[in-house]
Amino acid sequence: MLFTLKKVIGGLLLPLPLLLSLMALGILLLWFTGWQKSGKTLISVSWLLLLLLSLQPLADRLLLPLDSRYPTWNGTEKVDYIVVLGGGYTFNPAWAPSSNLLNNSLPRVAEGIRQWQRNPQATLIFTGAAGGTNPKSSAWVAAQVAESLGVAPNHIQILDQPRDTADEARAVKETVGDRPFLLVTSANHMPRAIRFFHAVGLQPIAAPANQLAITSPLNGWERAIPSSIWLSHSERAVYETLGTLLQRLRGGNVESAEPGQ
């Protein structure tokens, strides 16, 4: 119940639902009260914020500090494990395996496989519980994708009980002990994930995936036209900031999980 409540509250505080709710409140003020100026101000400010957060320069400026904290891992240090944290997924057996990995999950798995190809002696660990009424776990779906792309089943391990990053840190500690391992998750999620793993006494090597904040050249019109893509980048920045604030309020204690991952 508490886990679901955190998900709902965290979701409502993201830019799109929050700003749409503020716009709706402004419309109610205009139609049903005498607070016309307040209603107009609320709608105007919400619209302007939604516009700005949907533009590439601002969205990626917000996300870049998180996205660039850890560089892509191309080191030569050998590891025993490569841990890939779970993310969005569904399960439709009629789809190609990789189509079941949503949003941030496919880049994580792809990077995990790339790192395994560089360390073929290592075990790939996929984490993540089943979501909602889904009959399969996030970890299981990710493992199926890895197998379909050539990773031998005997080099795959599934941890399908953890529901969030705090749980994942504890489960990984029980599995890997003090042995060296790479930690693969989205670049913007990595700073928060590292703090959870440090809190249980682990020292993972960060191997970020799914970098989003663009600093390379873009067409001018791509920077100037609002897009849902850039809004999603702003959303990730806000999401991780909220998670970090909650983590710090609780002293980084892994017994207290963040809103999600």
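Me: Which element gives the largest share of the nonpolar patch?

Reply: The model is a predicted one. In it, helix α3 supplies the largest share of the nonpolar patch, namely five residues. The patch covers about 600 Å² of surface and is formed by V45, W47, L48, L49, L52, L58 and L62. Two elements, α3 (36–53) and α4 (56–67), each contribute two or more residues to the patch.

Me: How is one member of the patch, L52, to be read: in which helix does L52 lie, and what is the relative accessible area of L52?

Reply: L52 belongs to helix α3. Its relative accessible area is 34%, so L52 is classed as partly exposed. A residue enters such a patch only with over 30% relative accessible area, and the value for L52 is 34%.

Me: Which residues does UniProt list for "transmembrane region"?

Reply: An annotation of this kind comes from a record, and one may then examine the same residues in the model. The unreviewed UniProt entry lists residues 12–35 and 41–59 under that name. In the model, residues 12–35 are 79% helix and 0% strand, with the end C-alpha atoms 25 Å apart. Residues 41–59 are 89% helix and 0% strand, and their end C-alpha atoms are 23 Å apart.

Me: Where does UniProt place the feature "domain: DUF218"?

Reply: The unreviewed UniProt entry places this feature at residues 80–243. That span is 41% helix and 12% strand in the model, and its end C-alpha atoms lie 30 Å apart.

Me: How should a strand such as β1 be read: are the residues on its two faces buried or exposed?

Reply: The general idea is that side chains in a regular strand alternate between the two faces of the sheet. In strand β1 (residues 81–84), Y81 and V83 are on one side, while I82 and V84 are on the other. These four residues are all buried, and both faces of β1 are thus covered.

Me: In which sense do β1 and β2 pair, and which residue of β2 stands opposite I82?

Reply: Strand β1 pairs with strand β2 (residues 123–127) in the parallel sense, over four bridges. I82 is placed opposite L124 of β2. Together with helix α5 (residues 105–118), β1 and β2 build a right-handed β-α-β unit. Strand β1 also runs parallel to strand β4 (residues 181–184), to which four bridges join it. There, V83 faces L183 of β4.

Me: How many salt bridges does a search of the whole structure find?

Reply: The search finds four salt bridges. In one of them, R114 is joined to E111, with the closest N and O atoms 2.9 Å apart. R114 and E111 are separated by about one helical turn because they are three residues apart in helix α5. With a relative accessible area of 28%, R114 is partly exposed, whereas E111, at 11%, counts as buried.

Me: What is the distance between the closest N and O atoms of D167 and R170?

Reply: The closest N and O atoms of this salt bridge are 2.3 Å apart. D167 and R170 lie in helix α7 (residues 165–176), three residues apart, which is about one turn of the helix. D167 is partly exposed at 23%, and R170 is partly exposed at 25%.

Me: Are R236 and E240 buried or exposed?

Reply: R236 is buried, with a relative accessible area of 15%, and E240 is buried, with 1%. Their side chains form a salt bridge with an N to O distance of 2.9 Å. Both residues are in helix α10 (residues 228–249), four residues apart, so about one helical turn separates them. R192 is linked with R236 and E240 in a network of salt bridges.

How values were computed: Residues are numbered from 1 along each chain as its sequence is written. This is a predicted model: local features need pLDDT of at least 70, side-chain atom pairs count only at pLDDT 80 or more; totals for chains, interfaces and linings use all residues. Side-chain values use heavy atoms; hydrogens and water are left out. Patches are made of residues with over 30% relative accessible area and no salt bridge: like charges are joined within 9 Å, nonpolar side chains (Val, Leu, Ile, Met, Phe, Trp, Tyr) within 5 Å. Accessible areas come from the Shrake-Rupley method with a 1.4 Å probe; for residues, only the protein chains shown count as cover. Buried means under 20% relative accessible area, exposed over 50%, partly exposed in between (1.4 Å probe, protein chains only). UniProt positions are given in the numbering used here, feature names are shortened, and annotations may be inferred rather than shown by experiment. Two strands pair if DSSP finds at least two bridges between them. A crossover is right-handed if, with the strands pointing away from the viewer, the path from the first strand over the helix to the second runs clockwise.
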